[in-house]
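Trainee: I am new to this structure and would love a close look at a single part of it. Could you take me through the helix that gives the most to the main nonpolar core, and through what lies around it?

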Amino acid sequence: MQVRIGRAAAFAALAIAVMAIASAQRARAQQAASAKETSASTDQGNVDLGKAIFAEHCSHCHGFNMVNAGTITPDLRKFPDDRQRFVNTVKHGKNNRMPPWGDILKDDDIANLWAYVSSRRGQE
Ligand code: HEC
């Protein structure tokens, strides 16, 4: 009997944890969606969105907030002011080392990434 109650409690705790995670994810998705609506016209909004996309998809290779030694992956704070090259690389990848993102990121996402990269140019 003791064991059964223990199991039931464990299941209940697990169910609560799963529900909590699911609702946290929903909240995040809603936040992202509303951020997207409000930011279309503001540069800072684009930078912030780009920063979030970068943190999710790019930072594990290019460094948190673009801070890296620039050895294995380029230091994007030093990337030239060349939007065409940026969009091209992000969409199609480069040298089989930088992965292509054309199937994953929308043009808007890439534009926001560019806003973020531009905002960090030449900074610490
Ligand atoms: C798997 C690791 C990895 C991920 C993830 C990654 N990159 Fe890269 N990236 C690289 C490497 C490696 C290079 C250097 C490629 C080369 O020049 O051979 C590179 C190069 C670049 C360049 C320079 C290209 C040029 O024309 O010189 C840009 C810009 C860039 N990445 C942006 C991004 C963005 C934006 C993301 C997220 C959407 C991202 N990368 C995600 C590994 C990665």
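**A close look at helix H2**

Mentor: Let us begin with confidence, since in the protein chain helix H1 (residues 2–39) has the lowest mean, 55, and H4 the highest, 98. Here pLDDT is the predictor's confidence in each residue, from 0 to 100, and helices are DSSP runs of H or I with at least four residues, numbered from the N terminus. This is a predicted model, in which local features need pLDDT of at least 70 and side-chain atom pairs count only at pLDDT 80 or more, while totals for chains, interfaces and linings use all residues. Residues are numbered from 1 along each chain as its sequence is written. Over residues 36–41, pLDDT stays under 50. Where pLDDT is low, the predicted coordinates should not be read in detail.

Now to the core. The largest nonpolar core has 11 residues, among them Val47, Leu49, Ile53, Phe54, Cys58 and Met66. Such a core is a set of buried Ala, Val, Leu, Ile, Met, Phe, Trp, Tyr and Cys residues joined through C-beta atoms within 7 Å. Two or more residues of this core come from each of helix H2 (43–57) and helix H5 (107–119), and H2 gives the most, with 4 residues.

Ile53, a member of this core, is in contact with Asp109, Asn112 and Leu113, leaving aside its neighbours within four places in sequence. Contact means that two C-beta atoms, placed from the backbone, lie within 7 Å.

Other residues of H2 have a different setting. Alanine 55 is in this helix and is partly exposed because 13 other C-beta atoms lie within 10 Å of its own. The cut-offs are 20 or more such atoms for buried, 12 or fewer for exposed, and partly exposed in between, with C-beta atoms placed from the backbone. The C-alpha atom of alanine 55 is 9.2 Å from that of methionine 66, 11 residues apart along the chain. Histidine 57 also has its place in H2, and it counts as partly exposed because it has 17 C-beta neighbours inside 10 Å. Between histidine 57 and isoleucine 104, 47 residues apart in sequence, the C-alpha distance is 9.8 Å.

Finally, look at the ligand. Of the 20 residues around the ligand, Cys58, Cys61, Asn95, Arg97 and Met98 come nearest; a residue counts as near if its C-beta atom, placed from the backbone, lies within 6 Å. Cys58 is also one of the core residues.
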